[in-house]
Amino acid sequence: MKTAHNYIERAIEHTNTVTEFYTIKAEIEYKMHNNLEALKTINEARKTDLADRYMNNICIKYLFKCMKPSLAEEVLKLFMR
């Protein structure tokens with residue numbers, strides 16, 4: 001898993017605008033049991049394009065996985081207006 005994490009870090013350093021890289025990185029971190037780090041990563045990806053509903057949904061999913069339902073509700077409200 002550490003090797004995969006290193007490769008995805010290098011990919012993000014090379015091209016930091018690809019949101020899929022951040023999603024993959026968050027999945028790797030989650031599988032490495034770094035739940036809060038995965039949440040930070042996916043939130044960073046969400047902030048790159050705030051209008052992207054898919055990334056908002058993924059962020060909400062990770063918020064629920066990290067037992068933060070009140071924050072999930074706040075993010076949900078951002079694009080439910």
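Helices here are DSSP runs of H or I, at least four residues long, numbered from the N terminus. Just after one of them, α2, H33 takes a positive phi of about 70 degrees. The model is a predicted one.

Start with α2 itself. The helix covers residues 19–31, which makes 13 residues. At 1.5 Å a residue, counted over one less than the number of residues, the helix should span 18 Å. Its end C-alpha atoms lie 19 Å apart, so expectation and model agree.

Now look at which side chains of α2 are covered. Buried means under 20% relative accessible area. The α2 residues that meet this are T19, Y22, T23, K25, A26, I28 and E29. They pack against three other helices: α1 (2–14), α3 (35–48) and α4 (53–65).

Two of those buried residues carry charge partners for each other. K25 and E29 join their side chains in a salt bridge, at 4.0 Å from N to O. Both belong to α2 and sit four residues apart, about one turn of the helix. An α-helix has 3.6 residues a turn, so residues three or four places apart point the same way. Are K25 and E29 buried or exposed? Both are buried. The pair is also part of something wider: E9, K25 and E29 are linked in a network of salt bridges.

How many salt bridges does the count come to? The count is four. Two further pairs deserve a look.

In α3, K40 bridges to E37, with the closest N and O atoms 3.8 Å apart. K40 and E37 are three residues apart in the helix, so about one helical turn separates them. The surroundings can be read from accessibility. K40 has 54% relative accessibility, so K40 counts as exposed. E37 has 36% and therefore counts as partly exposed.

In α5 (residues 69–78), E73 and K77 are four residues apart, again about one turn of the helix. Their salt bridge has its closest N and O atoms 3.6 Å apart. E73 counts as partly exposed because its relative accessibility is 45%. K77, with a relative accessible area of 49%, is partly exposed too.

Set the pairs side by side. K25 and E29 are buried. K40 is exposed at 54%, and its partner E37 is partly exposed at 36%. E73 is partly exposed at 45%, as is K77 at 49%.

Technical notes:
Residues numbered from 1 in each chain as written. Predicted model: local features only at pLDDT ≥ 70, side-chain atom pairs only at ≥ 80, totals over all residues. Heavy atoms only, no water. Helix = DSSP H or I, 4+ residues; strand = E, 2+ residues; numbered from the N terminus. Buried < 20%, exposed > 50% of the residue type's maximum accessible area, 1.4 Å probe, protein only. Contact = heavy atoms within 4.5 Å.
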